[in-house]
Amino acid sequence: MGGDGLSATALLRPKKEECDMEHNDTSARRRQRKRLRLMIDISALVLAILLVVLLIVQATGKDELAGIWSDDYTIIEFNGKGKGVWYRGDEVERFTYKINSDEVALDFKRENVQDVTYRFGLDNQHLALADDDGNQMSMHPIQ
């Protein structure tokens, strides 16, 4: 062989520093992939938990007016999810409703029935409704 004293296998073998650098690069990439996978797993778990909570709230979440309320002349049924029925004598009116703070807005399906917004209060299982014209109703729940 040549006069420098190196064998053929020594020439073909990578230097220790090169092996250490490759090993460090591979370890760093491996750690980076593990961290990325962990972040993806955590994100997926959080998303799944939020979805379950949303489904539970949507399935069981009824508003505070949910139920059937009555006075001497009127029965109002709130389904707890924005729909209801108003009974007065032989009249039956279907409506949708929205609650905003202490007000409930009733939007009747039939166009010839005037929509109305009531301020409401719940006290000891009684529902008090008052419109802008000063009309008031005090209702109790029907079991």
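The legends below describe three close-up views of a predicted model.

**View 1. A patch of positive charge on the surface, with R33 as one of its residues.** Four residues, R29, R30, R33 and K34, gather on the surface, where together they form a patch of positive charge. Of these, R33 is found in helix α2, which covers residues 16-60. The relative accessible area of R33 is 53%, and because exposed means over 50%, R33 counts as exposed.

**View 2. The surroundings of D71, a residue in the loop between β1 and β2.** The loop that holds D71 lies between strand β1, residues 67-70, and strand β2, residues 74-78. D71 has a relative accessibility of 16%, and since buried means under 20%, this residue counts as buried. When its neighbours within four places in sequence are left aside, D71 is in contact with M137, S138, M139 and H140. One of these contacts, M137, is 66 residues away from D71 along the chain, yet the C-alpha atoms of D71 and M137 are separated by 7.3 Å.

**View 3. A nonpolar surface patch that includes I68.** The residues I68, I75, Y87, V92 and I142 make a nonpolar patch of about 350 Å² on the surface. Among them, I68 lies in strand β1. With a relative accessible area of 32%, I68 is partly exposed, because this value falls between the limit for buried, under 20%, and the limit for exposed, over 50%.

Definitions and conventions. Residues are numbered from 1 along each chain as its sequence is written. This is a predicted model: local features need pLDDT of at least 70, side-chain atom pairs count only at pLDDT 80 or more; totals for chains, interfaces and linings use all residues. Side-chain values use heavy atoms; hydrogens and water are left out. Patches are made of residues with over 30% relative accessible area and no salt bridge: like charges are joined within 9 Å, nonpolar side chains (Val, Leu, Ile, Met, Phe, Trp, Tyr) within 5 Å. Accessible areas come from the Shrake-Rupley method with a 1.4 Å probe; for residues, only the protein chains shown count as cover. A salt bridge is a side-chain nitrogen of Lys or Arg within 4 Å of a carboxyl oxygen of Asp or Glu. Lys and Arg count as positive and Asp and Glu as negative; His and the chain ends are not counted. The place of a charge is taken as NZ of Lys, CZ of Arg, CG of Asp or CD of Glu. Helices (H or I, at least four residues) and strands (E, at least two) are DSSP runs, numbered from the N terminus. Buried means under 20% relative accessible area, exposed over 50%, partly exposed in between (1.4 Å probe, protein chains only). Contact means heavy atoms within 4.5 Å.
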